[in-house]
Amino acid sequence: MLLNSKGKHRRPSKATRIAALAGVTGAAVAVPLMGATNASAASVATWDAVAQCESGGNWSINTGNGYYGGLQFSQSSWAAAGGTQYAARADLASKDQQIATAEKLLDMQGPGAWACAGAGGLTNDGVDPGVSTGSGQSQKAQPERKAEQPTTRSEQRSAPKAESKKTVTTPTGEKVQKGDGEYKVKTGDTLSKIAQKQGVKGGWSKLFDLNDDIVKDANLIFPGQQLHLK
(Lines give C-alpha, C1' and ligand atoms only; values in the text may rest on other atoms or scores of the structure.)
Protein backbone atom coordinates (compact mmCIF):
# COMPACT_ATOMS: atom_id res chain seq x y z
CA MET A 1 0.00 0.00 0.00
CA LEU A 2 1.75 3.28 0.77
CA LEU A 3 5.49 2.74 1.08
CA ASN A 4 6.78 2.25 4.47
CA SER A 5 9.71 4.20 5.63
CA LYS A 6 10.39 3.74 2.17
CA GLY A 7 7.66 5.84 0.92
CA LYS A 8 4.19 4.55 0.01
CA HIS A 9 0.91 3.85 1.53
CA ARG A 10 1.01 0.25 0.89
CA ARG A 11 3.48 -2.53 0.83
CA PRO A 12 5.22 -2.59 -2.52
CA SER A 13 4.83 -5.86 -4.29
CA LYS A 14 7.62 -8.33 -5.03
CA ALA A 15 10.53 -6.98 -7.05
CA THR A 16 9.04 -3.51 -7.30
CA ARG A 17 8.60 -2.98 -3.54
CA ILE A 18 11.78 -1.04 -2.88
CA ALA A 19 11.39 1.25 -5.86
CA ALA A 20 7.71 1.81 -5.32
CA LEU A 21 8.22 2.74 -1.74
CA ALA A 22 10.26 5.72 -2.70
CA GLY A 23 7.71 7.11 -5.14
CA VAL A 24 5.05 8.31 -2.81
CA THR A 25 3.38 11.54 -3.63
CA GLY A 26 3.14 14.40 -1.30
CA ALA A 27 -0.20 16.10 -0.77
CA ALA A 28 -1.76 13.95 1.93
CA VAL A 29 -5.29 14.66 3.08
CA ALA A 30 -7.12 12.99 5.94
CA VAL A 31 -10.82 13.77 5.51
CA PRO A 32 -13.97 11.72 6.06
CA LEU A 33 -14.76 9.44 3.15
CA MET A 34 -18.33 9.50 1.98
CA GLY A 35 -17.56 7.50 -1.13
CA ALA A 36 -15.49 7.81 -4.30
CA THR A 37 -15.23 11.14 -6.09
CA ASN A 38 -15.36 11.56 -9.82
CA ALA A 39 -12.22 13.69 -9.76
CA SER A 40 -10.04 10.69 -9.10
CA ALA A 41 -11.53 7.23 -9.15
CA ALA A 42 -11.20 3.71 -10.51
CA SER A 43 -13.62 0.84 -10.99
CA VAL A 44 -14.07 -2.03 -8.54
CA ALA A 45 -12.63 -4.37 -11.18
CA THR A 46 -9.48 -2.25 -11.29
CA TRP A 47 -9.12 -2.34 -7.50
CA ASP A 48 -9.70 -6.11 -7.55
CA ALA A 49 -6.81 -6.46 -10.01
CA VAL A 50 -4.54 -4.30 -7.84
CA ALA A 51 -5.50 -6.30 -4.75
CA GLN A 52 -4.81 -9.58 -6.57
CA CYS A 53 -1.25 -8.40 -7.19
CA GLU A 54 -0.76 -6.79 -3.76
CA SER A 55 -2.22 -9.51 -1.52
CA GLY A 56 -3.48 -12.35 -3.67
CA GLY A 57 -6.93 -10.77 -3.43
CA ASN A 58 -7.22 -11.37 0.34
CA TRP A 59 -9.01 -8.29 1.69
CA SER A 60 -8.61 -9.43 5.33
CA ILE A 61 -4.90 -10.25 5.23
CA ASN A 62 -2.62 -9.35 8.15
CA THR A 63 0.71 -11.15 8.12
CA GLY A 64 2.24 -8.92 10.78
CA ASN A 65 4.59 -7.18 8.34
CA GLY A 66 3.16 -3.68 8.83
CA TYR A 67 0.83 -3.71 5.80
CA TYR A 68 -2.85 -4.56 5.97
CA GLY A 69 -5.81 -5.54 3.84
CA GLY A 70 -6.27 -6.32 0.18
CA LEU A 71 -4.52 -3.16 -0.98
CA GLN A 72 -1.73 -3.43 1.62
CA PHE A 73 -2.10 -0.11 3.42
CA SER A 74 0.56 0.98 5.88
CA GLN A 75 -1.01 2.27 9.09
CA SER A 76 0.08 5.85 8.39
CA SER A 77 -1.46 5.81 4.90
CA TRP A 78 -4.68 4.25 6.17
CA ALA A 79 -5.01 7.01 8.76
CA ALA A 80 -3.99 9.82 6.37
CA ALA A 81 -6.66 8.79 3.86
CA GLY A 82 -9.37 8.67 6.53
CA GLY A 83 -9.65 4.89 6.84
CA THR A 84 -9.73 4.91 10.64
CA GLN A 85 -13.32 6.15 10.49
CA TYR A 86 -14.17 2.62 9.36
CA ALA A 87 -11.74 0.46 11.31
CA ALA A 88 -8.48 0.74 13.23
CA ARG A 89 -6.61 -1.04 10.41
CA ALA A 90 -7.37 -1.82 6.79
CA ASP A 91 -7.62 -5.60 7.34
CA LEU A 92 -10.46 -4.99 9.82
CA ALA A 93 -12.48 -2.96 7.30
CA SER A 94 -14.76 -4.29 4.58
CA LYS A 95 -13.69 -4.48 0.95
CA ASP A 96 -15.90 -1.50 0.06
CA GLN A 97 -14.45 0.54 2.92
CA GLN A 98 -10.92 -0.28 1.80
CA ILE A 99 -11.77 0.76 -1.77
CA ALA A 100 -13.36 4.02 -0.56
CA THR A 101 -10.19 4.79 1.41
CA ALA A 102 -8.03 3.83 -1.57
CA GLU A 103 -10.02 6.26 -3.71
CA LYS A 104 -9.06 9.06 -1.33
CA LEU A 105 -5.43 7.95 -1.35
CA LEU A 106 -5.52 7.81 -5.16
CA ASP A 107 -6.73 11.41 -5.17
CA MET A 108 -3.97 12.42 -2.73
CA GLN A 109 -1.00 10.51 -4.12
CA GLY A 110 -1.94 9.18 -7.54
CA PRO A 111 -1.46 5.61 -8.88
CA GLY A 112 2.19 5.65 -7.80
CA ALA A 113 1.08 4.89 -4.25
CA TRP A 114 0.72 1.24 -5.27
CA ALA A 115 3.56 -0.89 -6.62
CA CYS A 116 0.89 -2.96 -8.38
CA ALA A 117 -0.76 0.01 -10.11
CA GLY A 118 0.55 -1.23 -13.46
CA ALA A 119 -0.66 -4.77 -12.93
CA GLY A 120 -4.16 -3.49 -12.24
CA GLY A 121 -4.10 -0.76 -14.88
CA LEU A 122 -4.80 1.79 -12.12
CA THR A 123 -5.33 5.36 -13.33
CA ASN A 124 -7.29 8.44 -12.24
CA ASP A 125 -9.96 7.60 -14.81
CA GLY A 126 -12.89 9.26 -13.04
CA VAL A 127 -14.88 6.04 -12.82
CA ASP A 128 -17.00 6.01 -9.67
CA PRO A 129 -16.81 2.47 -8.21
CA GLY A 130 -20.11 3.06 -6.46
CA VAL A 131 -19.08 1.23 -3.28
CA SER A 132 -21.15 1.35 -0.11
CA THR A 133 -19.14 1.91 3.05
CA GLY A 134 -22.08 1.44 5.40
CA SER A 135 -22.05 3.23 8.74
CA GLY A 136 -19.45 3.06 11.46
CA GLN A 137 -16.61 0.60 11.64
CA SER A 138 -16.58 -2.86 10.16
CA GLN A 139 -17.81 -5.56 12.49
CA LYS A 140 -15.15 -8.01 11.38
CA ALA A 141 -12.72 -9.22 13.99
CA GLN A 142 -9.27 -10.27 12.89
CA PRO A 143 -7.02 -12.10 15.38
CA GLU A 144 -3.59 -10.62 15.85
CA ARG A 145 -0.86 -12.87 14.49
CA LYS A 146 2.11 -10.86 15.63
CA ALA A 147 2.85 -7.71 17.50
CA GLU A 148 2.65 -4.80 15.08
CA GLN A 149 5.97 -3.57 13.79
CA PRO A 150 6.82 0.11 13.33
CA THR A 151 5.81 1.25 9.88
CA THR A 152 8.06 4.25 9.51
CA ARG A 153 11.77 4.80 9.89
CA SER A 154 11.06 7.93 11.91
CA GLU A 155 9.63 5.72 14.68
CA GLN A 156 12.90 3.80 14.86
CA ARG A 157 15.28 6.73 14.86
CA SER A 158 16.54 8.64 17.85
CA ALA A 159 15.12 11.99 18.91
CA PRO A 160 14.44 14.22 15.87
CA LYS A 161 16.18 17.48 15.21
CA ALA A 162 14.75 20.67 16.66
CA GLU A 163 11.54 21.48 14.83
CA SER A 164 11.08 24.65 12.87
CA LYS A 165 8.59 27.08 14.36
CA LYS A 166 7.06 27.70 10.97
CA THR A 167 4.27 25.43 9.82
CA VAL A 168 2.26 24.54 6.73
CA THR A 169 -1.48 23.93 6.93
CA THR A 170 -2.61 20.72 5.19
CA PRO A 171 -5.98 20.46 3.37
CA THR A 172 -7.44 18.93 6.54
CA GLY A 173 -6.37 21.88 8.68
CA GLU A 174 -3.52 20.03 10.38
CA LYS A 175 -0.32 21.95 11.05
CA VAL A 176 2.95 20.35 9.92
CA GLN A 177 6.49 21.68 10.07
CA LYS A 178 7.45 23.81 7.08
CA GLY A 179 11.23 23.58 7.32
CA ASP A 180 13.78 26.01 5.90
CA GLY A 181 15.34 24.09 3.04
CA GLU A 182 16.11 25.38 -0.42
CA TYR A 183 13.51 23.29 -2.26
CA LYS A 184 9.79 24.08 -1.89
CA VAL A 185 7.49 21.07 -2.31
CA LYS A 186 4.89 21.35 -5.07
CA THR A 187 1.64 19.44 -5.54
CA GLY A 188 2.40 16.02 -7.03
CA ASP A 189 5.98 15.94 -5.73
CA THR A 190 7.38 12.81 -4.09
CA LEU A 191 10.74 12.31 -2.41
CA SER A 192 11.74 10.05 -5.29
CA LYS A 193 10.83 12.61 -7.96
CA ILE A 194 12.55 15.45 -6.12
CA ALA A 195 15.73 13.43 -5.55
CA GLN A 196 15.89 12.48 -9.23
CA LYS A 197 15.10 15.96 -10.51
CA GLN A 198 17.53 17.70 -8.16
CA GLY A 199 20.28 15.09 -8.50
CA VAL A 200 20.38 14.18 -4.81
CA LYS A 201 23.08 11.55 -4.24
CA GLY A 202 21.58 8.68 -2.29
CA GLY A 203 18.13 9.19 -3.80
CA TRP A 204 14.88 9.51 -1.88
CA SER A 205 16.26 7.81 1.25
CA LYS A 206 19.03 10.41 1.54
CA LEU A 207 16.47 13.16 1.06
CA PHE A 208 14.32 11.54 3.77
CA ASP A 209 17.27 11.48 6.20
CA LEU A 210 18.18 15.10 5.45
CA ASN A 211 14.68 16.23 6.32
CA ASP A 212 13.63 13.85 9.10
CA ASP A 213 12.90 16.83 11.34
CA ILE A 214 9.86 17.76 9.23
CA VAL A 215 9.11 14.61 7.19
CA LYS A 216 7.85 11.91 9.52
CA ASP A 217 6.65 9.47 6.84
CA ALA A 218 8.37 9.15 3.47
CA ASN A 219 4.94 8.77 1.92
CA LEU A 220 3.64 12.06 3.25
CA ILE A 221 5.11 15.36 2.14
CA PHE A 222 3.03 18.49 1.71
CA PRO A 223 3.01 21.39 -0.74
CA GLY A 224 4.75 24.36 0.85
CA GLN A 225 7.24 22.39 2.91
CA GLN A 226 10.85 23.36 2.27
CA LEU A 227 13.31 20.50 2.01
CA HIS A 228 17.09 20.47 2.31
CA LEU A 229 18.79 18.87 -0.71
CA LYS A 230 22.20 18.50 0.96
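Trainee: How much of the protein chain do buried residues make up?
Mentor: In this predicted model, buried residues account for 53% of the 230 residues in the protein chain.

Trainee: And what does the chain expose?
Mentor: The exposed area of the protein chain comes to about 9,900 Å², and 52% of that is supplied by carbon and sulfur atoms.

Trainee: How many helices and strands are there?
Mentor: The protein chain has 7 helices and 6 strands, and if you read along the sequence they follow the pattern α-α-β-β-α-α-α-β-β-β-α-α-β.

Trainee: What about contacts between residues at least 6 apart in sequence, how many of those join residues at least 24 apart?
Mentor: Of those contacts in the protein chain, 68% join residues that are at least 24 apart.

Trainee: Switching to aromatic pairs, what does the count come to?
Mentor: The count is 2 aromatic pairs. One of them brings together Trp47 and Trp114, whose ring centres are 5.1 Å apart with the planes at 65 degrees, and planes over 60 degrees apart count as edge-to-face, so this pair is edge-to-face.

Trainee: Where in the chain do those two sit?
Mentor: Trp47 belongs to helix H2 (residues 44-55), while Trp114 lies in the loop between helix H4 (95-109) and helix H5 (117-120), so the pair, with its partners 67 residues apart, links distant parts of the chain.

Trainee: Are Trp47 and Trp114 buried or exposed?
Mentor: Both Trp47 and Trp114 are buried.

Trainee: Which residues form the other pair?
Mentor: Phe73 and Trp78 form an aromatic pair that is also edge-to-face, with 5.0 Å from centre to centre and 70 degrees between the planes. Phe73 has a relative accessible area of 0%, so Phe73 is buried, and Trp78 likewise counts as buried because its relative accessibility is 0%.

Trainee: New topic, which residues does the disulfide join?
Mentor: The count is 1 disulfide, and that disulfide joins Cys53 to Cys116, with a distance of 2.0 Å from S to S. The torsion about the S-S bond is about -60 degrees, so the disulfide is left-handed.

Trainee: Which parts of the chain does the Cys53 and Cys116 pair link?
Mentor: Cys53 is in helix H2 and Cys116 is in the loop between H4 and H5, so this pair, 63 residues apart, links distant parts of the chain.

Trainee: Is Cys116 buried or exposed, and what about Cys53?
Mentor: Cys116 is buried, with a relative accessible area of 1%, whereas Cys53 counts as partly exposed because its relative accessibility is 23%, and buried means under 20%.

Terms used. Residues are numbered from 1 along each chain as its sequence is written. This is a predicted model: local features need pLDDT of at least 70, side-chain atom pairs count only at pLDDT 80 or more; totals for chains, interfaces and linings use all residues. Side-chain values use heavy atoms; hydrogens and water are left out. Rings of Phe, Tyr and Trp (its six-membered ring) pair if their centres lie within 6.5 Å; planes under 30 degrees apart count as stacked, over 60 as edge-to-face and the rest as tilted. Helices (H or I, at least four residues) and strands (E, at least two) are DSSP runs, numbered from the N terminus. Buried means under 20% relative accessible area, exposed over 50%, partly exposed in between (1.4 Å probe, protein chains only). A disulfide is a pair of cysteine sulfur atoms within 2.5 Å. Contact means heavy atoms within 4.5 Å. Accessible areas come from the Shrake-Rupley method with a 1.4 Å probe; for residues, only the protein chains shown count as cover.
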